[in-house]
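Let's take a walk through this protein, one region at a time. Keep the viewer open and follow along.

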Amino acid sequence: MDEPKVTGTKPKMSWTRKILLILGFLSTLAAIALITVAVTQNQPLPKNTKYGIVLDAGSSHTNLYVYEWPAEKENDTGVVQQVEVCKVEGPGISGYSHDTENAGHSLVQCLRQAQGVIPSKQHQETPVYLGATAGMRLLSLENKNAADKVLSSVEKTLRSAPFNFQGARIISGQEEGAYGWITINYLLGNFKQSGWTKLLHSLKSVSETSGALDLGGASTQITFVSDESPSESPENLLYFRLYGKDYRVYTHSFLCYGKDQALQQKLARDIQSTESNSIHDPCFHQGQLYVMGEGNYEKCRRSIQNLFNKTSCPYSSCSFNGIYLPPLQGDFGAFSAFYFVMNFLNLTNDNPFALDKVASAVQSFCARPWHEVKEAYHQIKEKYLSEYCFSGAYILSLLENGYEFNKENWQRIHFLGKIGSSDAGWTLGYMLNLTNMIPAEEPAAPPLSHGSYVGLMVLCSLVLVSVLVLAWLLFHKPKCLQKGIV
Ligand SMILES: O=c1[nH]cnc2c1ncn2[C@@H]1O[C@H](COP(=O)(O)OP(=O)(O)O)[C@@H](O)[C@H]1O
Ligand SMILES: [Ca+2]
């Protein structure tokens, strides 16, 4: 570089110097911003875990679930997780209709287990809810007095536990469907609508939520977002506003179409239609039944089909029994007995099997003689094992004939037991709703996380250091080298 000539005008600044000056200025700004963020936003938050308990009083048995979440993230989506499940010994609470006093007592052991999981200083503030489903709905229709007594008995026990009792009630089929839908979409992160997810969702024209298929012992629910407008059957529609977004959800619960009730319906029809005396045997206790299996899948499907009345539909489309069903939309998560049965038959694995493969797998299972099945699966409860052929065929009938899934959309059904550590079911959605943990509007952006803060800090420091090193290299080199550069 030539020596600058002494003239009346200021020496011209080289481009390198200008860039360095700008970079230096920006780095200083970045450092100031970082310090501001550090002072205002990066204060450590006290770690505080909250707990909640929900008892799912199903028709076949009761499950107690313990959930936990970090207190400071209460309104985020996907932060509540199941930390414990306890299966109550004995039948579901509706099975205590002749022994109502003891319904509550059956829950004691699981409540003790929950006391062991939740730190004792938090027992008092931990809410406990009990929701009873179709078994109690049926009992209440048959014998309201017995149902009330069962509920009083469980309430008494729950009140005497050290937790914060928030109610024991029969939930409606609509609630059961809706809370199941909320649970799986919360756990799948489908309500997250910030940043990239929002952009992705706006680019993709696919449905943002997953439908929910729940198969219980006494009832079954189908729930999914439906854009069909106007709805022909407003009583099947629910409107939600969650995390700043509106959802229009179709739901229906079929009472007596859970797998145990469906089997009873089918057996009752078998008895009515049989000519043979073998099924009416006076040597068995009243109400007890002897069934001679035939292992014939095709015949089984035909006899199950009779449970679905498809003859009259007052709407443009129906599932069965004259119930409105809009066109199926999006993917579906199928849980509870849908999962237990398909998992036993090895037909889950995120459902890579075509519908005809699934049908032939059930067909081969049904065709195996009972003594062989018993030997092959000796570790499985005989009650379940003896019914898996019927249950598999019933699931296919319900999905194919009832809801009209076909070989094209079959792959959109995902059989799932758990999502992360939490069971798929209605209980989590029920608790989220009752504890107001799902806000209608999207929560304000959270302060910078510690990770992002450290990342930013490192990045900006690296820029700063690079600038300084570059500057040093440029301005402190021997003159002969600098000459070559500028
Ligand atoms: O391991 C299993 N294998 C097969 N079926 C199961 C298993 N565990 C539970 N189930 C069945 O799942 C269903 C659960 O129904 P639930 O008791 O929740 O009734 P609800 O929802 O109609 O009130 C019952 O039919 C029960 O027999
Ligand atoms: Ca259930």
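Start at helix 14, residues 427-434: six of its eight residues are buried, so the helix is largely enclosed by the rest of the structure. Keep in mind that everything here comes from a predicted model. The buried residues of helix 14 are T427, L428, G429, Y430, M431 and L432. What do they pack against? Their partners are strand 1 (49-57), strand 2 (62-70), strand 4 (127-132), helix 6 and strand 13 (422-423). Just past helix 14 comes N436, and its phi is positive, near 55°.

Now zoom out for a moment. The protein has 16 helices and 13 strands. Of its 486 residues, 32% are buried. If you take the contacts with a separation of 6 or more, 77% of them are between residues 24 or more positions apart.

One of the partners of helix 14 is helix 6, so let's go there next. Helix 6 spans residues 173-187 and holds E176. UniProt, in an unreviewed entry, lists E176 under "active site". Is E176 buried or exposed? E176 has 28 other C-beta atoms within 10 Å, and the cut-off for burial is 20 or more, so E176 counts as buried. Leaving out residues up to four places away in sequence, E176 touches T133, I171, D214, Q221, S253 and W426.

Q221 leads us on to another annotation. The same kind of record, an unreviewed UniProt entry, places a "binding site" at G217, A218, S219, T220 and Q221. Two of these are worth a closer look. G217 sits in the loop between strand 6 (211-215) and strand 7 (219-225). G217 counts as buried because it has 21 C-beta neighbours inside 10 Å. Beyond four places in sequence, G217 touches G58, S59 and S60, and also G258, K259, D260 and Q261.

S219 is in strand 7. S219 is buried too, with 24 other C-beta atoms within 10 Å. Apart from neighbours within four places in sequence, the contacts of S219 are T133, A134, G173, S253, F254, L255, Y257 and G258. T133 and S253 also turned up in the contact list of E176.

That brings us to ligand 1. Which residues come nearest to it? Among the 20 residues around ligand 1, the nearest are G58, S60, T133, G216 and G217. G58 and S60 are residues that G217 touches, and T133 is a contact of S219. Three helices, helix 4 (134-142), helix 8 (259-273) and helix 10 (337-344), each supply at least two residues of the shell. Helix 10 gives the most, with three. Sorted by class, the shell has twelve polar, six nonpolar and two charged residues. Domain 2 (49-170) and domain 3 (207-419) each put at least three residues into the shell.

Next, turn to the nonpolar packing. In soluble globular proteins, nonpolar side chains tend to be buried together. The largest nonpolar core here has 101 residues, and those with the most contacts inside it are V154, F338, A393 and I395. Helix 13, residues 382-402, brings the largest share of this core, eight residues. As with the ligand shell, domain 2 and domain 3 each contribute at least three residues to the core. For a local view, pick I395: setting aside neighbours within four places in sequence, I395 is in contact with L215, F338, V341 and M342.

Two more stops remain. L416 lies in the loop between strand 11 (413-415) and strand 12 (418-419). Despite being in a loop, L416 is buried, with 23 other C-beta atoms within 10 Å. L416 and G333 are 83 residues apart in sequence, yet their C-alpha atoms are 6.3 Å apart in space. Not counting residues up to four places away, L416 touches G333, F335, Y339 and A424.

Last comes C86, in strand 3 (residues 81-87). Where does C86 fall on the burial scale? C86 has 20 other C-beta atoms within 10 Å, and 20 or more is what burial takes, so C86 is buried. From C86 to V66, 20 residues away along the chain, the C-alpha separation is 8.7 Å. Beyond four places in sequence, C86 is in contact with L64, C110, Q113 and A114.

Key
Residues are numbered from 1 along each chain as its sequence is written. Chains are lettered from A and ligands numbered from 1 in the order in which they are written. This is a predicted model: local features need pLDDT of at least 70, side-chain atom pairs count only at pLDDT 80 or more; totals for chains, interfaces and linings use all residues. A residue is near a molecule or strand if its C-beta atom, placed from the backbone, lies within 6 Å of it. Helices (H or I, at least four residues) and strands (E, at least two) are DSSP runs, numbered from the N terminus. Ala, Val, Leu, Ile, Met, Phe, Trp, Tyr, Cys and Pro count as nonpolar, Asp, Glu, Lys and Arg as charged, and the others, Gly among them, as polar. Domain bounds come from an automatic or database domain assignment. UniProt positions are given in the numbering used here, feature names are shortened, and annotations may be inferred rather than shown by experiment. A residue is buried if 20 or more other C-beta atoms lie within 10 Å of its own, exposed if 12 or fewer, and partly exposed in between; C-beta atoms are placed from the backbone. Two residues are in contact if their C-beta atoms, placed from the backbone, lie within 7 Å. A nonpolar core is a set of buried Ala, Val, Leu, Ile, Met, Phe, Trp, Tyr and Cys residues joined through C-beta atoms within 7 Å.
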